[in-house]
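Reader: I would like to go through this model step by step, with the reasoning behind each answer laid out. Could we begin with the terms needed?

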Amino acid sequence: MFSECCLWKGRPMFSASEGLNPVVSLMPGFRNTESRRLLLEKGINVDLCFQCRKCASGCWASDLMDLNPTQIVHAVRLGLDDLALGSKSIWLCTKCATCTARCPQGVDIAKVSFVLRSLAHRRGIPSKLPSVTAFDRAFARNMTIFGRVYEFGLINQLRMATRNFRQDSELAMPMIFKGKIKFLPSLAGFFGMRRLKSRAKACGKAGERQAKEGLDS
Ligand code: SF4
Ligand code: SF4
């Protein structure tokens with residue numbers, strides 16, 4: 001499916017400064033999809049990609065992926081959202097940013113995976129790697145509550161979510177003895193996070209008030 005839709009035949013479809021050639025953008029494959037719009041909002045123009053494959057050749061996970069980073073970028077360019085969002089690759093990506101550093105066109109490919117993951121979450125598209133999704137959720141919950149990773153809580157949340165209670169259990173004791181895993185979370189982090197949230201809330205309210213006053217005057 002991907003190769004059938006591939007429009008790249010060595011033609012100069014775009015320039016580094018201007019992005020996609022306007023004529024090419026009218027071709028049937030190039031649709032204004034949600035992923036493309038979201039990426040543009042975040043300053044990522046996938047149309048700058050000229051398929052050099054430097055990203056794919058530098059990606060440690062490329063061989064494990066169903067679509068390598070070059071193909072993911074191209075799928076988005078072709079408007080094949082379902083293909084990109086349903087891929088295993090966006091869940092395998094560890095955001096190491098090697099691809100981003102290697103891209104001669106300055107396409108932030110690591111961020112592409114991140115945006116596609118969020119979009120897949122939002123659309124309710126099931127992850128091809130549920131354990132990665134479970135880790136994402138547990139990590140985000142941890143950070144929201146404690147402001148930093150509380151490893152013991154994270155491990156237990158992950159185990160409950162994946163129902164895998166034995167994985168890496170042999171590593172637990174040595175890590176506990178070395179003080180790498182603490183049973184209790186950091187109270188400083190917890191209260192710091194609470195302060196941060198209430199300050200953000202107060203700033204939000206002040207901003208709303210100012211905006212309202214500005215509209216009234
Ligand atoms: S950020 Fe993701 S896609 Fe890019 S090199 Fe790292 S693992 Fe591969
Ligand atoms: S390195 Fe950049 S230009 Fe090359 S294929 Fe990857 S995204 Fe496209």
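Author: A residue is called buried here if 20 or more other C-beta atoms lie within 10 Å of its own, and exposed if 12 or fewer do. The model is a predicted one.

Reader: What share of the residues of the chain count as buried?

Author: The chain contains 13 helices and two strands. Among its contacts with a separation of 6 or more, residues 24 or more positions apart account for 67%. Of the 217 residues in the chain, the share that counts as buried is 23%.

Reader: Which residues of helix H3 are buried?

Author: Helix H3 covers residues 34-41, and on one side of this helix Arg37 and Glu41 are exposed. On the other side lie the buried residues of H3, namely Ser35, Arg36 and Leu39.

Reader: Why do the buried residues lie on the same side of H3?

Author: In general, an α-helix has 3.6 residues a turn, so residues three or four places apart point the same way. In H3 the buried residues are Ser35, Arg36 and Leu39. They lie on the same side of H3 because, around the axis, they cover an arc of only 100 degrees.

Reader: Which helices do the buried residues of H3 pack against?

Author: The buried set in H3 consists of Ser35, Arg36 and Leu39. Their packing partners are helix H5 (69-77), helix H6 (81-85) and helix H9 (109-123).

Reader: How are H3 and H9 oriented to each other, roughly parallel or oblique?

Author: Two packed helices are described by the angle between their axes and the distance between the axes. For H3 and H9 the angle is about 130 degrees and the axes are 10 Å apart, with a crossing that is right-handed. An angle under 35 degrees would count as roughly parallel and one over 145 as roughly antiparallel; H3 and H9 are therefore oblique.

Reader: How many nonpolar residues does the contact of H3 with H9 have?

Author: From H3, the residues Glu34, Ser35, Leu38 and Leu39 meet Val112, Val115, Leu116 and Leu119 in H9. By class, this contact of H3 with H9 has one charged and one polar residue, while the number of nonpolar residues is six.

Reader: Is Ala75 buried or exposed?

Author: Ala75 is found in helix H5, and its C-alpha lies 9.8 Å from that of Val46, although the two are 29 residues apart in sequence. Because Ala75 has 25 C-beta neighbours inside 10 Å, Ala75 counts as buried.

How values were computed
Residues are numbered from 1 along each chain as its sequence is written. Chains are lettered from A and ligands numbered from 1 in the order in which they are written. This is a predicted model: local features need pLDDT of at least 70, side-chain atom pairs count only at pLDDT 80 or more; totals for chains, interfaces and linings use all residues. Helices (H or I, at least four residues) and strands (E, at least two) are DSSP runs, numbered from the N terminus. The arc is that of the directions from the helix axis to the C-beta atoms. Two residues are in contact if their C-beta atoms, placed from the backbone, lie within 7 Å. Axes are lines fitted to C-alpha atoms, for helices over the stretch in contact, and angles run from 0 to 180 degrees between N-to-C directions. Angles under 35 degrees count as roughly parallel, over 145 as roughly antiparallel, 65 to 115 as roughly perpendicular and the rest as oblique. A crossing is left-handed if the near helix is turned anticlockwise from the far one by less than a right angle, and right-handed if clockwise. Ala, Val, Leu, Ile, Met, Phe, Trp, Tyr, Cys and Pro count as nonpolar, Asp, Glu, Lys and Arg as charged, and the others, Gly among them, as polar.
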